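Please consider the sequence and the coordinates shown below before reading on. The account proceeds from the overall make-up to the individual sheets, cores and ligand surroundings.

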Amino acid sequence: MLLRHRKPLRGPLVVMASKLLISSFNTSTFSNPKFISSRFPSNSYHPQLPLKSSSDLSFSTHASIPRPVPEVYLEIPDDKIVDTLQLKQLRLKLEEIGIACRLCQPGQKYGLLCPMCKGGDSGEKSLSLLIAEDGNAALWNCFRAKCGWRGNTRASADVKSSYNRMNKVTPKVKNIREITVRDLKLEPLCLELRGYFAERMISEETLRRNSVMQRQYENQTVIAFTYKRKGELISCKYRGLEKKFWQESDTEKILYGLDDIEGASDVIIVEGEMDKLAMEEAGFRNCVSVPDGAPPQVSSRDLPSQDKDIKYQYLWNCKEYLEKASRIILATDGDQPGQALAEELSRRLGRERCWRVKWPSKNENEHFKDANEVLMFMGPAALREVIESAELYPIKGLLNFRDYYSEIDAYYHQTFGTELGVSTGWKSLDDLYNIVPGELTVVTGVPNSGKSEWIDALICNLNQSVGWKFALCSMENNVREHGRKLLEKHLKKPFFDVRYGKHVERMSLEELEVGKQWLSDTFHLIRCENDCLPSVKWVLDLAKAAVLRYGVNGLVIDPYNELDHQRPPNHTETEYVSRMLTSIKRFAQHHSCHVWFVAHPRQLQQWDGKPPNLYDISGSAHFINKCDNGIVIHRNRDPEAGPLDQVQVCVRKVRNKVSGTIGDAFLQYNRITGEYMDIK
Ligand SMILES: Nc1ncnc2c1ncn2[C@@H]1O[C@H](COP(=O)(O)OP(=O)(O)OP(=O)(O)O)[C@@H](O)[C@H]1O
């Protein structure tokens with residue numbers, strides 16, 4: 001007997017709960033939303049009915065189904081409860097789709113067993129059903145997150161509502177027929193068909209054990225693959241002579257050979273009945289075949305909910321057989337649809353327990369495509385070997401060094417020539433700092449120490465030695481000044497013949513023309529032409545375009561403080577810097593592009609004239625933590641201490657010992673051409 005709760009509605013909680021439940025329901029259906037009970041009867045009646053279709057049903061999953069609000073009660077006088085014709089019709093419809101509502105009364109909410117998920121392992125009554133007070137409509141949802149089945153229906157189909165529209169995307173649950181060998185007029189296989197299987201290396205014993213039969217169909221004898229569960233015939237699939245397949249209508253979709261995997265910890269899934277039989281010949285009974293073959297390609301959509309997963313309903317119908325398996329070998333066909341099927345199966349079964357097979361080569365260009373082919377042409381031992389050497393199904397993001405062997409080999413053989421880093425062009429730095437594609441170098445130094453000059457000289461050297469090209473995001477330089485400095489270094493002549501260059505020959509007009517062409521071929525400028533400061537993301541997006549369009553090998557961001565650093569209010573500066581550097585490193589690695597990032601040190605209170613520390617960079621210690629290389633550029637400004645044109649390149653951090661080590665190198669600065677030279 002159902003428990004009914006007979007306390008009057010009270011308080012704001014009740015009103016809230018009513019609104020919550022009714023808001024997801026057509027209010028015209030429920031004219032009086034205030035009578036709702038969400039306490040579930042503990043002993044509701046729920047026979048296990050097969051899933052059936054109804055023309056005016058609509059189902060959808062909903063992750064955020066409101067859980068029933070407890071302690072909300074209903075008061076309906078007994079004399080108002082009348083089983084109207086429409087209520088009877090409605091109940092029939094609900095029963096048809098497996099909702100056991102024979103004893104459910106209008107205006108109340110009940111907790112029933114969900115026919116879709118059967119309440120999961122615990123068998124909880126997770127389906128919340130509400131029948132409208134007029135007995136004309138019902139609304140249900142399963143509050144188990146894994147299921148989330150929900151829907152609504154009306155007693156009569158011709159009501160104008162959103163149902164028809166929704167029906168188009170909802171599954172039609174067919175009236176499942178019970179079938180028997182006798183009803184289907186199945187017969188034992190004739191000699192000719194047994195011969196057909198023998199050609200395919202399928203023995204009579206295997207055919208018998210799998211109850212492979214035949215049937216007369218439109219003047220021809222066709223093969224009948226019997227789909228059984230616990231020995232009972234559930235469905236039957238026919239195969240005509242021209243490899244034409246069809247299946248008994250209105251039967252439940254299940255895996256072929258289902259009883260063979262009951263309790264198995266290792267399960268093999270193949271793409272056709274013939275492959276299942278072939279596996280048996282190779283000694284594997286723990287094998288099932290999908291009933292419907294393979295999809296043309298992997299769906300680009302998210303995994304649908306169970307009730308909308310029509311094409312793979314057979315997996316859900318056999319869930320309890322598959323969920324205990326710890327290893328599932330996907331031995332689908334080697335062609336594209338077969339691989340798409342493996343992907344779709346692994347998405348549903350959990351990639352972590354899936355394995356895949358590699359079909360052996362047939363000749364130089366081809367592979368065998370499935371189990372039956374391997375059995376026929378290579379024999380049972382070869383098929384066994386294929387299954388025994390199955391490999392783990394790849395999981396995106398979970399990898400092994402094996403996946404990188406070719407990269408490791410290329411590294412060993414220095415195939416690309418840049419594995420040990422490219423020389424800066426200065427001998428004194430060869431042991432300390434070499435440029436590796438994909439790394440991040442942070443450069444610092446007190447103002448006017450020559451950071452930008454040194455980086456310009458370095459990239460000119462790299463262009464000359466290995467032809468690298470660069471994207472320059474140098475906010476402090478105006479374009480013509482930057483062009484001048486780069487040209488002077490490249491042509492080794494001053495741009496002007498006054499002041500700094502008055503004693504040396506100026507670059508000629510012809511040299512300027514050649515130089516301009518070199519500038520255009522070598523550098524791409526990332527510049528914010530208006531007043532706003534560019535963000536790191538903006539710079540990286542353009543740098544990515546420069547990599548893809550022009551194949552640049554390096555990016556210079558000079559300096560850090562000229563970028564827009566508006567950070568989200570909940571981020572500290574440390575967090576912000578950390579994230580920003582992570583995004584720069586990702587860009588560098590992903591595009592094999594070296595990034596030089598210039599960062600100023602914070603204001604040094606009592607500067608002793610010595611090179612600053614990397615930790616002195618204003619903002620955060622993340623600069624030194626995150627960079628691959630950390631360099632401080634320093635120059636002597638005390639004539640007593642040594643030559644004024646001497647520049648100290650302090651290599652303060654080198655993450656990769658292959659490319660260098662910590663130490664100082666000294667270079668000589670040529671003020672006229674901006675070149676840096678090794679000190680002889
Ligand atoms: N060793 C040096 N001797 C003399 N002048 C130098 C030396 N190195 C750089 N300079 C000069 O110092 C000026 C500033 O150089 P640069 O712009 O490269 O310094 P910076 O460290 O990047 O400065 P800022 O911190 O202001 O960005 C330039 O005019 C350059 O010619």
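The paragraphs that follow describe the fold, beginning with general figures and ending at the ligand.

The structure is a predicted model. The protein contains 18 helices and 25 strands. Its chain has 680 residues, of which 41% count as buried. When contacts between residues at least 6 apart in sequence are considered, 67% of them join residues at least 24 apart.

Two open sheets may be taken in turn. One consists of four strands in the order β6-β7-β8-β9, and its pairing is antiparallel. The edges of this sheet are formed by β6 (213–217) and β9 (245–247); each has a single partner strand, so one side of each is left without a neighbour in the sheet. On average, neighbouring strands here are turned by 35° against each other, with direction ignored. The pairing of strand β8 (residues 232–239) with β9 is antiparallel and comprises three bridges. Within it, Arg239 stands opposite Phe245 of β9.

The other open sheet has nine strands, arranged as β19-β18-β20-β21-β17-β22-β23-β24-β25, and its pairing is mixed. Its edge strands are β19 and β25 (676–678), each of which pairs on one side only. From one strand to the next, the twist averages 25°.

Strand β18 (residues 470–474) offers a convenient point from which to examine this sheet. On one side, β18 runs parallel to strand β19 (residues 523–525), to which three bridges join it. Phe470 has Phe523 as its bridge partner in β19. A second parallel pairing, over five bridges, connects β18 with strand β20 (residues 554–558). Here the bridge partner of Ser474 is Asp558 in β20. Continuing along the sheet, β20 and strand β21 (residues 594–598) are also parallel and share four bridges. Gly554 has His594 as its partner in β21.

How do the residues of β18 point, and are they buried or exposed? In a regular strand, side chains alternate between the two faces of the sheet. Phe470, Leu472 and Ser474 point one way from β18, Ala471 and Cys473 point the other way, and all are buried. Because five of the five residues of β18 are buried, the strand is largely enclosed by the rest of the structure. Helix α16 (residues 536–550) lies across β18, β19 and β20 and runs at about 160° to β18.

The nonpolar interior comes next. The largest nonpolar core has 69 residues, and Ile584 and Phe597 have the most contacts inside it. Helix α13 gives the most to this core, namely seven residues. Apart from this core lies another, of 59 residues, which includes Ala224, Leu233, Ala282 and Val386. Leaving aside residues up to four places away in sequence, Ile584 touches Leu440, Val536, Leu540, Val595 and Phe597.

Which residues come nearest to the ligand? Of the 16 residues around it, these are Gly450, Lys451, Ser452, Glu453 and Tyr669. Helix α13 (residues 451–466) supplies the largest share of the shell, three residues. By character, the residues of the shell divide into four nonpolar, six polar and six charged. Helix α13 thus appears in both settings: it gives the most to the largest nonpolar core, and it makes the largest contribution to the shell around the ligand.

Notes: Residues are numbered from 1 along each chain as its sequence is written. This is a predicted model: local features need pLDDT of at least 70, side-chain atom pairs count only at pLDDT 80 or more; totals for chains, interfaces and linings use all residues. A residue is near a molecule or strand if its C-beta atom, placed from the backbone, lies within 6 Å of it. Ala, Val, Leu, Ile, Met, Phe, Trp, Tyr, Cys and Pro count as nonpolar, Asp, Glu, Lys and Arg as charged, and the others, Gly among them, as polar. A nonpolar core is a set of buried Ala, Val, Leu, Ile, Met, Phe, Trp, Tyr and Cys residues joined through C-beta atoms within 7 Å. A residue is buried if 20 or more other C-beta atoms lie within 10 Å of its own, exposed if 12 or fewer, and partly exposed in between; C-beta atoms are placed from the backbone. Two residues are in contact if their C-beta atoms, placed from the backbone, lie within 7 Å. Two strands pair if DSSP finds at least two bridges between them. Axes are lines fitted to C-alpha atoms, for helices over the stretch in contact, and angles run from 0 to 180 degrees between N-to-C directions.
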